[in-house]
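Let's take a walk through this structure, from its interior to its charged pairs. Have the sequence and the 3D view open side by side.

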Amino acid sequence: MPPPLSLTLPRKGGGNDIAFDAPSVVVAKQHNAILIYALDDLAVRAGLSIGLPLANARAICPELTVFDADEVADRKTLEDIADWCDRFTPLVALDPPHGLYLDITGCAHLFGGERALLQIVSGALSRRGFAVSAAIASTAICARTLTRHGSGKIIADGEEAAAVAPLPVSALGADDAITAGLRRAGLKTIGDVASRGRHEISARFGAGFTTLLEQALGQGDAPISPRKPLPDYIVEKRFPDPVTTDTVIAMNLSALAGMLVTAMDKQGKGARRLEASFFRTDGAVRTIPVDTGRPVTRADMIDRLFRERLDALNDPLDPGFGFDLIRLSASRTEIVVQQQRDLDANVHDNDELAALIDRIAARIGGKRIVVHLPEDTHIPESAVLAVPAQHHLAAAAQAAWPERIESEPPLRPLRLFDKPEPIKVPFATVPDGPPHQFTWRRVTHAVVRVEGPERIAMEWWKQNGDGPTRDYFRIEDEAGLRFWIFRDGLYESEPADEEGEPASVRWFVHGLFA
Amino acid sequence: MSSARTSTLANLRGRIERIETHGDAHDLNKVALGHAAADAVLHGGLAVAAVHEVFAEGHQSATATGFIAGLAGRVSPRRPLVWVRQDFSEIESGALSMSGLCELGLDPRLLVTVRAPDTDAALRTAADALACDALGAVVLEVWGQARQLDLVASRKLTLAAAASGVTALLLRMAAEPRPSTAETRWIVRAAHSPPSTPSMPAAPWSAWGAPVFDAQLIRNRHGPVGRWIMEWKCDECLFSEPAAYPQPVAATPARRPHQAQAFGYQRRAG
């Protein structure tokens with residue numbers, strides 16, 4: 001039976017860094033009453049307990065120091081501790097608000113056995129000022145139940161029922177209503193409940209509670225739901241002395257890359273997504289992901305990708321007092337099709353280009369290196385779709401672009417503004433005609449040559465596609481600059497103001513010809 | 001296979017391709033532009049595996065873009081082109097349009113665009129791309145007088161280009177020329193479309209609009225400089241003399257200024 005380890009951090013610790021002379025509690029508002037949410041040892045000794053209203057607590061213990069609960073920060077702390085726990089096993093699950101499950105199947109021997117692992121985990125956390133209570137049992141619920149009363153229990157297979165029997169029913173962690181109902185029925189311990197027939201319990205408290213009870217007794221198991229999916233391949237290196245210098249870190253990372261590639265190579269896999277995790281001695285964990293466009297099978301490529309990525313980080317890797325564990329994992333892999341490289345020039349070139357794209361993407365981000373696909377529309381600004389080159393290189397190489405018309409001058413501009421820029425047109429002699437001059441970016445251009453109009457209507461059959469029809473003109477000015485300008489809307493369809501001029505006809509420059 | 005051998009093979013492949021494409025070129029490492037006078041001054045054409053700079057004023061950016069796209073199309077018609085540009089230049093002068101590239105006779109399928117956030121990232125990415133011998137050319141588009149593009153950066157690009165055989169094309173908009181190790185340096189302006197003449201009785205609406213450049217070669221490491229009106233022929237994908245253009249706008253100087261004078265000037269400038 002796999003032994004999950006359950007950690008519970010139920011109370012505010014008598015911290016190393018903050019020590020209070022007076023009893024202190026954390027309060028939160030529940031059901032319109034201010035109740036104690038967490039408390040320290042002194043407060044327990046003064047006779048306070050979790051769930052007591054603050055007013056009663058003040059009456060019992062007038063010198064109480066009170067803090068407001070911050071659930072967001074609590075959640076964040078729990079997540080951080082879970083990150084730290086990743087160093088023991090990749091399968092860490094949250095049990096809010098205070099608990100964590102670790103599935104340590106097959107991991108315990110790496111740390112010198114279950115007993116040693118339990119001591120390492122609870123020792124490290126207590127040293128940081130947390131009050132920790134941990135237990136190992138064959139089911140997650142059983143382990144959690146055990147942590148509610150005392151820490152450090154390790155229950156062998158088949159002894160679960162005996163171990164949880166003397167504990168009060170509240171340790172099961174069921175609803176308050178159920179716990180109160182059990183007490184009222186005179187069932188004080190879990191052993192009392194277990195001794196009754198299951199059908200009686202189900203009929204009175206529901207099937208959910210029966211399942212919970214059976215799991216606590218070790219008679220059925222529910223898998224924990226880990227925070228992160230299990231990576232396909234993991235390699236890691238632990239350091240007795242924390243490493244701090246960049247050179248050593250880079251050296252170890254490339255050694256890990258070699259190990260990872262060897263492991264993947266055996267099954268013909270290549271990595272599409274890699275993650276390097278750096279575990280700092282003070283518990284902080286930094287994970288840096290790298291995506292690749294095609295499966296990576298070479299250690300030097302992995303090494304280079306991470307070097308680019310680490311180089312380009314906005315907040316550089318901070319070793320602090322050093323890293324004591326570096327882990328490299330391939331979280332997404334693909335089967336690699338081996339291609340003959342030596343003779344086929346295209347395969348070689350494509351590989352080189354894909355590797356270059358991956359390197360650039362690792363440094364400045366995958367969305368910043370793009371290839372272009374044609375879109376089936378005649379609206380100029382949406383005729384092209386820019387997609388990440390990492391994933392669409394092959395599609396872009398096959399794309400079918402509209403053919404140009406032979407012996408025609410370019411009909412579309414070389415540079416296109418994403419948002420057409422408004423221009424000032426003083427007047428147009430012919431209502432539907434082109435302007436004689438226009439002002440763009442405070443410079444007035446006199447029109448020497450005009451070609452047009454080319455009428456482009458908006459896509460009225462689409463939702464939100466209805467807009468004014470545009471009349472495009474190719475314009476050459478007196479300096480030889482060539483523009484693509486359009487009038488937004490038609491003269492005849494626009495409402496006219498009192499001077500007879502259409503009110504909303506506006507002109508824009510949309511692009512520039514070479 | 002070792003990487004040295006791979007790159008040797010790639011170089012050989014590139015050479016063969018160039019021989020096959022431009023059988024009439026004087027030199028294997030030169031690509032003819034198509035404009036006879038300019039090719040003569042350049043001793044056969046634009047040198048590949050080198051750095052070329054194209055300068056333009058801010059409002060001439062589209063013209064310079066067309067010129068550099070033409071150069072890239074001449075240098076490597078069938079190999080991938082990496083176009084690195086700053087975010088700012090897209091805001092200022094518009095994005096490169098794929099339909100526009102098609103209209104110039106170039107292939108958007110070969111284009112990979114890098115949208116660099118700033119000059120530093122753009123420069124670094126370009127240097128990285130230049131080291132990749134699978135590419136035909138790398139265009140680095142920078143707006144404004146970039147402090148980072150100094151002699152050292154230019155030297156790095158030149159070395160990377162020479163090592164990989166990839167041609168580097170620098171598009172500098174709204175910038176003043178500074179000392180660099182570029183092989184050639186051009187200033188490009190838009191030129192008028194040729195007037196329709198009785199000798200060219202084409203339909204009046206199609207007689208103009210072809211890309212015509214007023215290209216001034218202001219630096220040429222291995223020859224004289226000059227200034228020409230060039231037209232980009234979209235169908236043949238090459239530069240040429242405009243058919244019906246009255247006269248060149250400026251006389252070509254016989255020889256370029258004396259080497260020592262030129263260098264002295266550059267030192268003062270840098």
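What follows covers the cores, a helix, two strand arrangements and some salt bridges, all in a predicted model.

## Cores

Start with the largest nonpolar core, which has 86 residues, with F67(B) and W186(B) making the most contacts inside it. Helix α3 (residues 61-75) of chain B gives the most to this core, chipping in seven residues. As for F67(B), leaving aside residues up to four places away in sequence, it touches V54(B), W186(B), V188(B), F213(B), A215(B), M230(B) and F239(B).

There's also a second, separate core of 29 residues, and Y101(A), A135(A), L187(A) and L213(A) are among them.

## An enclosed helix

Now look at helix α5 (residues 140-147) of chain A. Eight of its eight residues are buried, so the helix is largely enclosed by the rest of the structure. The polar-looking names are in there too: R144(A) and T145(A) are buried, as are C142(A) and T147(A).

## A three-stranded sheet

Chain A has an open sheet with the strand order β3-β2-β4 and mixed pairing. Strands β3 (33-39) and β4 (65-68) sit at the edges with a single partner strand each, so one side of each has no neighbour in the sheet. On average, neighbouring strands here are turned by 40 degrees against each other, direction ignored.

Strand β2 (residues 24-30) and β4(A) run parallel and are joined by four bridges. If you want a landmark, V25(A) stands opposite V66(A).

## A hairpin that reaches chain B

Strands β16(A) and β17(A) make a hairpin with two residues between them, and R441(A) in the turn has a positive phi of about 55 degrees. The two strands are antiparallel and joined by four bridges, with T439(A) opposite T444(A). In β16(A), F438(A) and W440(A) form the covered face, while Q437(A) and T439(A) form the uncovered one. In a regular strand, side chains alternate between the two faces of the sheet.

That turn residue has another job to show: R441(A) and E92(B) meet in a salt bridge (3.6 Å, N to O). The pair crosses between chains, with E92(B) in helix α4 (residues 87-93) of chain B. Both ends are partly exposed, R441(A) at 36% relative accessibility and E92(B) at 22%.

## Other salt bridges

Over all chains, a search finds 48 salt bridges. In one of them, D315(A) pairs with R286(A) at 3.3 Å, so parts 29 residues apart in sequence are tied together. There's a network as well, linking R304(A), E308(A), D311(A), R359(A), R363(A), R124(B) and D128(B).

Definitions and conventions: Residues are numbered from 1 along each chain as its sequence is written. Chains are lettered from A and ligands numbered from 1 in the order in which they are written. This is a predicted model: local features need pLDDT of at least 70, side-chain atom pairs count only at pLDDT 80 or more; totals for chains, interfaces and linings use all residues. Side-chain values use heavy atoms; hydrogens and water are left out. Buried means under 20% relative accessible area, exposed over 50%, partly exposed in between (1.4 Å probe, protein chains only). Two strands pair if DSSP finds at least two bridges between them. A nonpolar core is a set of buried Ala, Val, Leu, Ile, Met, Phe, Trp, Tyr and Cys residues joined through side-chain atoms within 4.5 Å. Contact means heavy atoms within 4.5 Å. Axes are lines fitted to C-alpha atoms, for helices over the stretch in contact, and angles run from 0 to 180 degrees between N-to-C directions. A salt bridge is a side-chain nitrogen of Lys or Arg within 4 Å of a carboxyl oxygen of Asp or Glu.
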